[in-house]
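I set out to record what I looked up in this structure, entry by entry. The coordinates come first, then my notes.

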Amino acid sequence: MAGPRKDLYHRYEPIRRYVEVGFWIVVMALQALFNTMVAMVDARSRAVPRETWEIVVWEGSSHLVLLLLVPAIVALERRLSPLASLAPGRLARYLAWHLAASVVFSGVHVMAMFALRSLAYAVAGEHYAFGGWAAQWGYEYLKDVRAYVSIVFGIWAYRMFMLRWQGEARVLDAPDEAPEASPQPADAAPAQPPAEPSPPPAPARPERFLVRKLRREFLIAASDIDWLQAEGNYVGLHVNGHDYLLRATLTDFLTQLDPALFVRVHRSHAVNLSRLREIEPLDGGDARLHMHDGSTVPCSRRYREALRGATAS
């Protein structure tokens, strides 16, 4: 059976990592080229002109280190997301973390840049003099903090666009808060002895989710979810061949769904039993689950018994 037709997002996903890496390589290469050209023009007006190879080494070493630092900034931005950090009382901590990160970023950049330049000068039979460390590092930090902010903002803007493109979901039917009990007047009749405690009400379960995808909004029913996958601080909802993210952990989100319908089958996966077509046993006690939408979901040995019991009931 042929799988569902992939949209533009799903056709982009297999090459996404290559595009992202290539983007930063091209950006840093172009920036190094432009800065080298400007520095070469500026060097002609100096009393002691610099050799072309020196300017190339300066700009090349600087932007090479910046490129190598991008993955670390990506990981940091994921942990210090602005949308999750601008809540009251967290803004100061958010800015303080980024300020500290910018200092570390600049320190690593300067030291690695100095090492690369010293090596290049040694190969050329020259000596590279960095100048006074305190004054020079202050000058470099003013440049580095601009680069740091630009990279962080670029990563955040791209991630927000990808979330909107992929589709971000939120619970539509939030449970209403229970009304507060009104105080009894002083002359009221004495309260009756408390009756036996009634069983706790069943937890409210969302029936629908609102999905925002670029400029479109639409609803999906909880029963239409084929399977779920943990993706960091999000849960991926797989619905009819499309993926939508909901900000929650898989463990917490499963407590909101019907346990007779949704079963965890892996540390990072859960399935809708009504969408399960076939269970394929594998060596070692694991299994591969074939869903009605044509996709497959891993099932670990740890959850096989729970799945077997759920399908038998």
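Which residues form a nonpolar patch on the surface? I found V26, L30, L33, F34 and M37 there, with about 470 Å² of accessible area together. I bear in mind throughout that this is a predicted model.

**Entry: M37.** I looked up one member of that patch, M37, and placed it in helix α2, residues 16-44. I list M37 as partly exposed because its relative accessibility is 47%, between the limits of 20% and 50%.

**Entry: confidence.** I noted an average pLDDT of 81 for the chain, with 80% of the residues scoring at least 70. Among the elements, I found the lowest mean pLDDT, 50, in helix α4 (residues 82-85) and the highest, 94, in strand β8 (residues 269-272). I then marked residues 83-87, where the pLDDT is below 50; this stretch has 10 contacts in the model beyond near neighbours in sequence. Residues 174-182 also have a pLDDT below 50, and for this stretch I recorded 1 contact beyond near neighbours in sequence. I remind myself that predicted coordinates should not be read in detail where pLDDT is low.

**Entry: the core.** Which residues have the most contacts inside the largest nonpolar core? I read off F209, L228, L237 and F253, in a core of 19 residues. The elements that give two or more residues to this core are β2 (208-213), β5 (234-239), β6 (242-247) and α7 (250-254). For F253 I listed contacts with F209, L228, V235, L237, L246 and A248, leaving aside neighbours within four places in sequence. I add the general remark that in soluble globular proteins nonpolar side chains tend to be buried together.

**Entry: R170.** I located R170 in strand β1, residues 168-171. R170 counts as partly exposed because its relative accessibility is 38%. How far apart are R170 and F209 in space, C-alpha to C-alpha? I noted 5.6 Å, with their positions 39 residues apart in sequence. Not counting residues up to four places away in sequence, R170 touches F209, L210, R212 and L246. Two of these, F209 and L246, I had already met as contacts of F253.

**Entry: H98.** Is H98 buried or exposed? I looked at helix α5 (residues 91-123), where H98 lies. H98 counts as buried because its relative accessibility is 10%, under the limit of 20%. Its contacts, leaving aside neighbours within four places in sequence, are L76, L80, Y148 and V152.

Technical notes
Residues numbered from 1 in each chain as written. Heavy atoms only, no water. Patch = residues over 30% accessible without salt bridge, like charges linked within 9 Å, V, L, I, M, F, W, Y side chains within 5 Å. Areas by Shrake-Rupley, 256 points an atom, 1.4 Å probe, with all protein chains shown as cover. Salt bridge = Lys/Arg side-chain N within 4 Å of Asp/Glu carboxyl O. Helix = DSSP H or I, 4+ residues; strand = E, 2+ residues; numbered from the N terminus. Buried < 20%, exposed > 50% of the residue type's maximum accessible area, 1.4 Å probe, protein only. Core = buried A, V, L, I, M, F, W, Y, C linked by side-chain atoms within 4.5 Å. Contact = heavy atoms within 4.5 Å. pLDDT = per-residue confidence, 0-100.
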